Amino acid sequence: MKRLVGILIFFAVFQIGIADGNNIVPTPQKIEKRNGAFTILTTTKITHYPELRSSAEYLAEYLPLEIREYNENSNGNIVLVVNKKLADEEYHLTVDSQAIKIEGSTPAGVHNAIESLLQMLPDAVYRHQLSFPTMVAGCHVEDKPRFAYRGFMLDVSRTWVTVDELKIFIANMAHHKLNKLHLHLTDDEGWRIEIKSHPELTEKGAFRGKDYPVAARYGKLQDNYGGYYTQEQMRDVVAYAAARNIEIIPEIDLPGHSTTLAHVHPEILCNYTPGLTSSVGYDTRNVVCAAKEDNYRMLNDILLEIADIFPSKYIHIGGDEVSTSQWSKCPDCKALMAKLGIDVSQLQDYFMARVAAMLEGMGKQVAVWNEAAASAKLTRKAMVYGWENVEACRKAAAAGYPTVVMPGVYFYFDMQQSSREPGHNWAAIFDARKVLSFDMAAHGFTEQEMTHVQGVQASFFSELYLPNREAEYDYLYYQTYPRICALCELAWRGNGGEWSQFYSRLVNSHYNRMVAMGIDFRLFPPTVSFADGKLTAKVNDRSSIYYKIVGQQGEYRYEGPISTDTPQRYSFFSRMGGAVSPEQGVQGRWRMLQPNVKITSSIAESEKYPYKNAEGYGRIAHTSKAASEGDWVMYTFEKPVTCRRLEIATGNLTLPRFVFDAGYMEVSYDGTNFKRVCDLEQGAGVIENPAKPIKAVRITCTQTGNGDNYVTVQPPKVYPKL
Ligand code: TNX
């Protein structure tokens, strides 16, 4: 009693609030408030059924309390109990004055309960800085996920992600009750997992740059860029993930997207002389020959080791974007097709069926991207990942494949979140709001089809991720959160529900949690308005607003309306911890000029996409071939242009391909004398606040070849003085 009075006085004096279950993300199916509260003291114990030892250890990482096995005297503690009546990932969580009781039939259910409990505690828990006593308000939660598959795909091939970074990413996924990590371990630009029977795959294929067969690209132009996971490291990551209820599904992307494999082992390619070989050895063939028996032997070696490292039932073998043109030129493939009486469109089915059978022999099942099951010839045991569009997902489910729904238009988090933010845009430009709005019923999935839908997944393809760039934010987290919050809500509940309700959960609680988790997420931008000579910015979250003024260095804290007669010179953004919003301004802030320009180059133009396309500002142009060192493109303005900023870009807007892989940009004020202003980044250069009106700009390439056979020439972007 004396102790209780002491505690009450403590809470009264220090005015410590009672942590509660408001705004848990993803939203539990059922949560009721109960009277009373439980006080966690330094002497409180975590007691557990014997089979839940590792769950107790996971909880103790956040609540540093003594762990003991459960017995009748466990009252007064946090208890982890096995309740066989519950389904696999289901849990019950009860908080009253006597105990915090967690029930699940498996460690998976118990894990989900622990994540909910952590969200009921003060945010300091995620910094491992929770102080005791801490009071948790009474409640009872009954909760389970709608989908058994709640996934995220991370591309570690285009951008290398270290073991430590990967673990942090996994820890944060776990806090959102996602349970599958699909690891895209190989692609055209890097092989990231050690294969002991073929050490050359990582010795040569895990790096790119001047000393390696794979050329530098995607802005990672340092001499030797890359890295790989040893088997020992990967087993450790698999165990780390499993302790957080996350299964890792590895992907070896075949038979396309195999440039790395082909550069390490050129003999896997089809048997014909390619029309294009560049002097850096970067040819565009990336498909494994379907006819060579040796290829299947090598794949068997590789997959045997993959199957051993990863306990997951499924091994993903890709199957996306396979260019059949290589098979149709290959005498061996032609002979095989003649023998089997099939055409080239059926050769992928043959390849996939052989690899699927191989995996089945290893006790695994195959997983593929949707193209590989389009003909419905593949075994129905294969799991299909629908990415191209919603229809492809529905079709796979209708054909009876266990299907993971992840159409790019809703779930590719490498896409831009608005038109001025970084990212790809081939599928769509969208933010968390659209992710939450995904509705399978509205897309016409029938009840029958839904029985085959395993769940949803989002992905992050990493061509544009430059971890070494001096950025003000972390691109990976900026692109993925809070879109992952919306994904987990959808995956947990089956339907995201109303945005405004979900958004208020984020703003009222979850944003703070993410700050404590160390997630540098993307905030929604401020709303900006201008009236009666006053410029006003507002946010509907708890972030702080800052602004910048065009032509001035630095940023200022926004304290209230700004009186100005040039509102277009201001842009506003907000911050909260490491989270940041994109910039917002009044209309006209991002207006662009289209001065008459003439484009010339040392490389001839393509007939189909002439340079005058880009001179007209509406469309892109192509060169007739890839650039060699010393090649240039020049933009000469009819009259010198007065502007605050001028951008010149090569390459596709959607992918950093068809670029000058390395080079520099020069400016001329008289059309004769040129001065170097910057190096190109991702094939693009910028001039800020030019000293005088610009007569011409020229970009010069310093690297031969770009992995493709042309360069895309974009219209110049000319920003007016404001
Ligand atoms: C399509 S998704 C791809 C990837 C790219 C991605 C960029 C898929 C199966 N193929 O190779 O990285 O788009 O968004």
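Hi everyone. Before I show you the pocket, one definition: Ala, Val, Leu, Ile, Met, Phe, Trp, Tyr, Cys and Pro count as nonpolar, Asp, Glu, Lys and Arg as charged, and the others, Gly among them, as polar. Counted that way, the shell around the ligand has 6 nonpolar, 2 polar and 5 charged residues. Please keep in mind that this is a predicted model.

So, who sits around the ligand? There are 13 surrounding residues, and the closest are Arg158, Tyr412, Asp414, Trp426 and Glu463.

Now for some individual contacts. The side chain of Asp414 has an N or O atom 2.5 Å from an oxygen atom of the ligand. Arg158 places a polar side-chain atom 2.8 Å from a ligand oxygen. For Glu321, the partner is a nitrogen atom of the ligand, 3.2 Å from an N or O atom in that side chain. How much of the ligand does the protein cover? On its own the ligand has 370 Å² of accessible area, and the protein covers 96% of that.

Let's step back to the whole chain. The domain assignment gives domain 1 (2–143), domain 2 (149–517), domain 3 (527–580) and domain 4 (597–719). Taken over C-alpha atoms, the centres of domain 1 and domain 4 are 60 Å apart.

Last stop, the largest nonpolar core. It has 175 residues, and Phe152 and Met234 touch the most other members. Which helix gives the most to this core? That is helix α18, residues 499–517, with 9 residues. The core also draws at least three residues from each of domain 1 and domain 2.

Thanks, everyone!

Key
Residues are numbered from 1 along each chain as its sequence is written. This is a predicted model: local features need pLDDT of at least 70, side-chain atom pairs count only at pLDDT 80 or more; totals for chains, interfaces and linings use all residues. Side-chain values use heavy atoms; hydrogens and water are left out. A residue is near a molecule or strand if one of its heavy atoms lies within 4 Å of it. A polar contact is a pair of N or O atoms within 3.5 Å; within protein, one must be able to donate a hydrogen and the other to accept it, and residues adjacent in sequence count only if both atoms are side-chain atoms. Accessible areas come from the Shrake-Rupley method with a 1.4 Å probe; for residues, only the protein chains shown count as cover. A nonpolar core is a set of buried Ala, Val, Leu, Ile, Met, Phe, Trp, Tyr and Cys residues joined through side-chain atoms within 4.5 Å. Buried means under 20% relative accessible area, exposed over 50%, partly exposed in between (1.4 Å probe, protein chains only). Helices (H or I, at least four residues) and strands (E, at least two) are DSSP runs, numbered from the N terminus. Domain bounds come from an automatic or database domain assignment.
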